[in-house]
Amino acid sequence: MAQTSETSIIITEDSVIHSDKEIMGGTPVFKGTRVPVKNLFDLLIYGRDLKDFHFEFPSVHPKKAVAALERAKKVMDEEACRKSDGLFHSDPKEMGGEPVFVGTRHQLKSLFNCLIQVQSLKDFHFEFPSMYREQTLAALNMARQLLEQEAYATAAR
């Protein structure tokens, strides 16, 4: 949980993104803005980093973008532990059970950690040259979809 310095609001991973049919027709957005979470993932997929996102969308507090990526890392880990889908898998006998990308020994969380540290996908692929770009793009798209599904499910309650 992080507290912003400008305000007294508390930012948690679970409270960063929401869906409200009165805001952008229910499109999952960063709370307190009209900025869809999709915009963050689109920028990252196109090789930009968090600094670029903050420049493009100054109404989204930097800590909210980081919290969204932290939440994405968590839901992706949970998804990998539930099932292996050809993109990643989790085996208690390998890497301590940490979810890894199929065909590599690279942990799924390393992708999100890199992005949270304000690096781009290009930086990630430089650091992990054996990773296929298609795998990282698929992981980011899946993370976005899982966050959006979570926002829709929360709004339906």
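These are my notebook entries on one chain in a predicted model, with most of the looking done around helix α4 and its neighbours.

**Entry 1: the whole chain**

I began with the inventory, and found that the chain has six helices and six strands. Reading from the N terminus on, I wrote the order of elements down as β-β-β-β-α-α-α-β-β-α-α-α. I then looked up how much of the chain is covered, and of its 157 residues, 46% are buried. The accessible surface comes to about 8500 Å², and carbon and sulfur atoms hold 52% of that area. For the contacts with a separation of 6 or more, I noted that 51% are between residues 24 or more positions apart.

**Entry 2: helix α4 and Phe112**

I turned next to α4, which spans residues 108-116, and asked myself how many of its residues are buried. Seven of the nine are, so I have put the helix down as mostly covered, the cut-off for buried being under 20% relative accessible area. The buried residues are Leu108, Ser110, Leu111, Phe112, Cys114, Leu115 and Ile116.

Phe112 seemed a good residue to follow from here, and I looked up its own value: its relative accessibility is 0%, and it therefore counts as buried. Leaving out residues up to four places away in sequence, I listed what Phe112 touches as Leu69, Ala72, Lys73, Met76, Leu140 and Ala143. Lys73 lies 39 residues from Phe112 along the chain, yet the C-alpha atoms of the two are separated by 5.9 Å. Two of the residues on that list, Leu140 and Ala143, are also among the buried residues of α6.

**Entry 3: α4 against α3**

Which way does α3 run relative to α4? The axes of α3 (residues 62-82) and α4 come within 9 Å and cross at roughly 175°, and because that angle is over 145 degrees, I record the two helices as roughly antiparallel. On the α3 side the contact is made by Val66, Leu69, Glu70, Ala72, Lys73, Met76, Asp77 and Ala80, and on the α4 side by Leu108, Lys109, Phe112, Asn113, Leu115 and Ile116. Sorted by class, the residues of this contact are nine nonpolar, one polar and four charged.

**Entry 4: α4 against α6**

I checked α6 (residues 133-156) by itself before looking at its packing, and its 24 residues should span 34 Å at 1.5 Å a residue, which agrees with the 35 Å between its end C-alpha atoms. Its buried residues are Gln135, Thr136, Ala139, Leu140, Met142, Ala143, Arg144, Leu146, Leu147, Glu148 and Ala151. I keep in mind here that an α-helix has 3.6 residues a turn, so residues three or four places apart point the same way.

With α4, helix α6 packs at an angle of about 80°, and their axes are 11 Å apart; since 65 to 115 degrees counts as roughly perpendicular, that is how I describe this pair. The residues that meet are Leu108, Leu111, Phe112 and Leu115 in α4 and Thr136, Ala139, Leu140 and Ala143 in α6. By class I noted seven nonpolar residues, one polar and no charged ones in this contact.

**Entry 5: α6 against α1**

I then followed α6 to α1 (residues 37-45), where the packing angle is about 175° and the axes are 10 Å apart, and the pair is therefore roughly antiparallel. From α1 I listed Val37, Lys38, Phe41, Leu44 and Ile45, which meet Arg133, Leu137, Leu140, Asn141, Ala143, Arg144, Leu147 and Glu148 in α6. The class count for this contact is eight nonpolar, one polar and four charged residues. Leu140 and Ala143 take part in this contact, and both of them are also in the list for α6 with α4.

**Entry 6: two positive phi values**

Last, I looked up backbone angles, and where does a residue that is not a glycine have a positive phi of about 55°? The residue is Met24, in the loop between β3 (17-18) and β4 (29-30), and its relative accessibility of 33% is why I have it as partly exposed. Val118 also has a positive phi although it is not a glycine, in this case of about 60°. Val118 follows α4, in the loop between α4 and α5 (121-127), and with a relative accessible area of 32% it is partly exposed.

How values were computed
Residues numbered from 1 in each chain as written. Predicted model: local features only at pLDDT ≥ 70, side-chain atom pairs only at ≥ 80, totals over all residues. Heavy atoms only, no water. Helix = DSSP H or I, 4+ residues; strand = E, 2+ residues; numbered from the N terminus. Buried < 20%, exposed > 50% of the residue type's maximum accessible area, 1.4 Å probe, protein only. Contact = heavy atoms within 4.5 Å. Expected span 1.5 Å × (residues − 1). Areas by Shrake-Rupley, 256 points an atom, 1.4 Å probe, with all protein chains shown as cover. Axes fitted to C-alpha atoms, helices over the stretch in contact; angles between N-to-C directions. Parallel < 35°, antiparallel > 145°, perpendicular 65-115°, else oblique. Nonpolar A, V, L, I, M, F, W, Y, C, P; charged D, E, K, R; others polar.
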